[in-house]
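The report that follows reads one protein model from its overall make-up down to individual residues. Please keep the sequence and the coordinates in view while reading.

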Amino acid sequence: MKTKKRFNQKEFQKVLSGLFFLLGIHLAILTVLKIVAFFVSTFNPLLAANTILVGFYLGIWQLFYAIPIIFWLKRTQQWGRMKGVIIGAVVTFMTNISIFMSFLN
């Protein structure tokens with residue numbers, strides 16, 4: 001007979017910690033993009049619009065910072081937080097894909 005795994009509250013807290021960690025990084029990246037777009041708009045408004053548009057592709061841009069974070073968390077053996085970052089990255093990517101597909105229709 002298989003024994004059921006009990007709900008591990010500490011693991012759940014670590015996963016939530018990873019989710020909020022990635023959310024904080026997303027907000028920081030979007031803030032930097034908006035500041036860059038503001039300064040670029042004084043010189044070239046079209047380039048500023050394209051800079052803000054990059055924010056919609058956060059799911060793709062997160063490859064540049066989420067994967068190194070995942071490798072760092074794996075190396076430091078923070079498994080719960082690593083799971084949270086992976087879940088957050090997948091949810092962000094899937095959300096951006098669905099928004100992008102809705103714009104195509």
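Helices are here taken as DSSP runs of H or I with at least four residues, and strands as runs of E with at least two, both numbered from the N terminus. On that basis this model, which is a predicted one, holds five helices and zero strands, so that the order of elements from the N terminus reads α-α-α-α-α.

**Overall make-up**

The protein has 105 residues, and 26% of them count as buried. Its accessible surface is about 8200 Å², with 73% of that area belonging to carbon and sulfur atoms. When contacts between residues at least 6 apart in sequence are considered, 66% of them join residues at least 24 apart.

**Two of the helices**

Helix α1 covers residues 9–41 and helix α5 covers residues 79–104. For each of these two helices, the span expected from the residue count can be set beside the distance between the end C-alpha atoms, as in the table.

| Helix | Residues | Expected span at 1.5 Å a residue | Distance between end C-alpha atoms |
|---|---|---|---|
| α1 | 33 residues | 48 Å | 48 Å |
| α5 | 26 residues | 38 Å | 38 Å |

The expected span and the end-to-end distance agree for α1, and they agree for α5 as well. At the N-terminal end of α1, Asn-8 acts as a cap, a side-chain oxygen of this residue lying 3.3 Å from the backbone nitrogen of Lys-10.

The buried residues of α1 are Val-15, Gly-18, Leu-22, Ile-25, His-26, Leu-33, Ala-37 and Val-40. In α5 the buried residues are Gly-80, Met-82, Gly-84, Val-85, Gly-88, Ala-89, Thr-92 and Asn-96. An α-helix has 3.6 residues a turn, so residues three or four places apart point the same way.

Asn-96, which is found in α5, has a relative accessible area of 16% and is classed as buried because that value falls under the 20% cut-off. Its C-alpha atom is separated by 8.6 Å from that of Ile-60, although the two residues are 36 residues apart along the chain.

**The largest nonpolar core**

Which residues make up the largest nonpolar core? This core has 10 residues in all, namely Leu-22, Ile-25, Tyr-65, Ala-66, Ile-69, Ile-70, Leu-73, Met-82, Val-85 and Ala-89. At least two of its residues come from each of α1, α4 (63–75) and α5, and α4 gives the most, with five residues. Ile-70, a member of the core, touches Met-82, Val-85 and Ile-86 when residues up to four places away in sequence are not counted. As a general background to such a grouping, nonpolar side chains in soluble globular proteins tend to be buried together.

**A salt bridge between α1 and α5**

A search of the whole structure finds one salt bridge. Its partners are Glu-11 and Lys-83, with the closest N and O atoms 3.1 Å apart. Because Glu-11 lies in α1 and Lys-83 in α5, the pair ties together parts that are 72 residues apart in sequence. Both partners are partly exposed, Glu-11 with a relative accessibility of 23% and Lys-83 with a relative accessibility of 42%.

**The loop between α4 and α5**

Two glutamines in this loop merit separate description. Gln-77 is located in the loop between α4 and α5, and it has a positive phi of about 60 degrees although it is not a glycine. Is Gln-77 buried or exposed? Its relative accessibility is 56%, and Gln-77 therefore counts as exposed.

Gln-78 also lies in the loop between α4 and α5, but at 28% relative accessibility this residue counts as partly exposed. Leaving aside neighbours within four places in sequence, Gln-78 is in contact with Trp-72 and Leu-73, and Leu-73 is also part of the largest nonpolar core. Measuring from C-alpha to C-alpha, Gln-78 is 8.4 Å from Lys-14 in space, while the two are 64 residues apart in sequence.

Methods
Residues are numbered from 1 along each chain as its sequence is written. This is a predicted model: local features need pLDDT of at least 70, side-chain atom pairs count only at pLDDT 80 or more; totals for chains, interfaces and linings use all residues. Side-chain values use heavy atoms; hydrogens and water are left out. Buried means under 20% relative accessible area, exposed over 50%, partly exposed in between (1.4 Å probe, protein chains only). Contact means heavy atoms within 4.5 Å. Accessible areas come from the Shrake-Rupley method with a 1.4 Å probe; for residues, only the protein chains shown count as cover. A nonpolar core is a set of buried Ala, Val, Leu, Ile, Met, Phe, Trp, Tyr and Cys residues joined through side-chain atoms within 4.5 Å. The expected span of a helix is 1.5 Å times one less than its number of residues. A polar contact is a pair of N or O atoms within 3.5 Å; within protein, one must be able to donate a hydrogen and the other to accept it, and residues adjacent in sequence count only if both atoms are side-chain atoms. A salt bridge is a side-chain nitrogen of Lys or Arg within 4 Å of a carboxyl oxygen of Asp or Glu.
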